[in-house]
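Trainee: I have the sequence and the model open. Can we go through them by question and answer?

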Amino acid sequence: MVIIMKTGATGKEIDAVVARIESMSFRAHAIYGEERTIIGVVGNDRPLDRTIFETMTGVETTVPILKPYKLASREFKKENSIISLFGNGTGVKVGGEDIVVIAGPCSAENRQQVLETAHAVKEAGAKALRGGAYKPRTSPYSFQGYGEEALKWLAEAREQTGLAVVTEVMAAEQVPLVSQYANVLQVGARNMQNFYLLNAVGMSMKPVLLKRGMMSTVEELLMAAEYILSNGNYNVMLCERGIRTFETSTRNTLDINAVPVLKKLSHLPVIVDPSHATGKSEYVTSTSRAAIAAGADGLIVEVHPDPSSALSDGAQSLTPEQFGDLVRQTRRIAQAMDRQI
Ligand code: PEP
Ligand code: MN
């Protein structure tokens, strides 16, 4: 349920509503808008009598949320959420008019590779740098990432370029360490339903890039986002990265439908990952164009100075030159959508 306060409701009236919610063992999530405050009521599955709140002073009305996800739903918040990657309301913002491109290697492999890629993608128009320090690999014998050392290269790249850093966190125990270096915590497809990890990134208050599980429905993705939001962290970006289908000509199938569906169902920004969605560099630019045309708020693209020598995901990685071309092409689509890159 959402409680909509009257325009000009006082702090005291809002506090009284929150106290009432909490006294009934529910949790209150207030959003203080410019015009009015709305309060989401979540926390347990018991039915709640709306009339209790409708008679309180300062309350305009209440609206039930019929979806299983509450705080992630458009019913809860009509306006698009805008997320500040530096977490201080300034700098790079995702979810507004600007389309944000995040780019960088699948894995941070060495200091030189990270710095070189960071400068190249910045030059081409990226606003954030991606790079894995902890890698979820199918085989335990594959390269697993360089851990904290890699986080240091990423942080140095941010200092040199001003790019925000996006990197994956694989376990709840890693959240404090990764948070020291990263601007955005990425939750990978394989961990989308690791609820313990979702709670941990929720408590961190850091912006989170939540990737859709390869076998997960849109509703499951939104329920995963709900875990993070329910901890009070509203800085969540949803990422469509391809789902597993019967098709074998590409690594995954980019569910382009998910973009308008998520935009309809949720106020959270939607990012598309054309690299993991296709698995082949030759398809990354065309699917990026499609993502922007479908209404995505951003892209996350794998770029490597020498894809053939990459320690992970070389086949889907673009060279810096190819990435420059991708940005030029997607910019034109963005303009057609009255947006900019
Ligand atoms: C990645 O971003 O390198 C990655 C492992 O992505 P996903 O979790 O979507 O497979
Ligand atoms: Mn990868």
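Mentor: Start with the metal. The donor residues of the manganese ion (ligand 2) follow the spacing C-x169-H-x25-E-x10-D in sequence. Keep in mind that this is a predicted model.

Trainee: Which residues are the protein donors of the manganese ion (ligand 2), and how far from it do they lie?

Mentor: Read the spacing letter by letter: C, H, E, D. The C is Cys106, giving SG, and the H is His276, giving NE2. The E is Glu302 with OE, and the D is Asp313 with OD. These donors lie from the ion at 2.0 to 2.4 Å.

Trainee: How many residues apart in sequence are the parts that Glu302 and Asp313 tie together?

Mentor: Place each residue. Glu302 lies in strand S14, residues 298-302. Asp313 lies in the loop between S14 and helix H11 (320-336), so the pair ties together parts whose separation in sequence is 11 residues.

Trainee: Is Glu302 buried or exposed?

Mentor: Use the cut-off: buried means under 20% relative accessible area. Glu302 has a relative accessible area of 1%. Asp313 falls in the same class, as both are buried. So the word for Glu302 is buried.

Trainee: Which side chain does Glu302 join in a polar contact of 3.1 Å?

Mentor: Look among the donors of the manganese ion, where Glu302 is listed. The partner is on that list too. The contact joins the side chain of Glu302 to that of His276.

Trainee: Now ligand 1. Which residues come nearest to it?

Mentor: The shell around ligand 1 has 13 residues. By class, 3 are nonpolar, 3 polar and 7 charged. Those that come nearest are Arg130, Ala189, Arg190, Lys211 and Arg241.

Trainee: What share of the accessible area of ligand 1 does the protein cover?

Mentor: Take the contacts, then the area. A polar side-chain atom of Arg130 is 2.8 Å from an oxygen atom of ligand 1, and a polar backbone atom of Ala189 is also 2.8 Å from an oxygen atom of the ligand. For Lys211, a polar side-chain atom lies 2.9 Å from a ligand oxygen. On its own ligand 1 has 300 Å² of accessible area, and the protein covers 98%.

Trainee: What distance separates the centres of domain 1 and domain 2?

Mentor: Get the bounds first. The domain assignment gives 2-63 for domain 1 and 83-336 for domain 2. Taken over C-alpha atoms, the centres are separated by 35 Å.

Trainee: How far apart in space are Phe86 and Val184?

Mentor: Find Phe86 in the loop between strand S5 (83-84) and strand S6 (93-94). Phe86 is partly exposed, at 29% relative accessible area. In sequence, Phe86 and Val184 are 98 residues apart. In space, C-alpha to C-alpha, the distance is 8.2 Å.

Trainee: How far apart in space are Ser286 and Ala182?

Mentor: Ser286 is in helix H10, residues 284-294. Its relative accessible area is 32%, which means partly exposed. Ser286 and Ala182 are 104 residues apart in sequence. From C-alpha to C-alpha they are apart by 29 Å.

Trainee: Is Met203 buried or exposed?

Mentor: Met203 sits in helix H6, residues 195-204. Exposed means over 50% relative accessible area. Met203 has 57%, so it counts as exposed.

Trainee: What is the phi of Ser25?

Mentor: Ser25 is in the loop between helix H1 (11-23) and strand S2 (27-32). Ser25 is exposed, at 53% relative accessible area. Ser25 is not a glycine, yet its phi is positive, at about 65°.

Trainee: And where is Asp338, and what is its phi near?

Mentor: Asp338 lies in the segment after H11. At 65% relative accessibility, Asp338 counts as exposed. Its phi is positive in a residue other than glycine, near 60°.

Key
Residues are numbered from 1 along each chain as its sequence is written. Chains are lettered from A and ligands numbered from 1 in the order in which they are written. This is a predicted model: local features need pLDDT of at least 70, side-chain atom pairs count only at pLDDT 80 or more; totals for chains, interfaces and linings use all residues. Side-chain values use heavy atoms; hydrogens and water are left out. Donors are N, O and S atoms within 2.8 Å of the metal (3.2 Å for Na, K and Ca); water is not among the atoms, so sites may look incomplete. Helices (H or I, at least four residues) and strands (E, at least two) are DSSP runs, numbered from the N terminus. Buried means under 20% relative accessible area, exposed over 50%, partly exposed in between (1.4 Å probe, protein chains only). Domain bounds come from an automatic or database domain assignment. A residue is near a molecule or strand if one of its heavy atoms lies within 4 Å of it. A polar contact is a pair of N or O atoms within 3.5 Å; within protein, one must be able to donate a hydrogen and the other to accept it, and residues adjacent in sequence count only if both atoms are side-chain atoms. Accessible areas come from the Shrake-Rupley method with a 1.4 Å probe; for residues, only the protein chains shown count as cover. Ala, Val, Leu, Ile, Met, Phe, Trp, Tyr, Cys and Pro count as nonpolar, Asp, Glu, Lys and Arg as charged, and the others, Gly among them, as polar.
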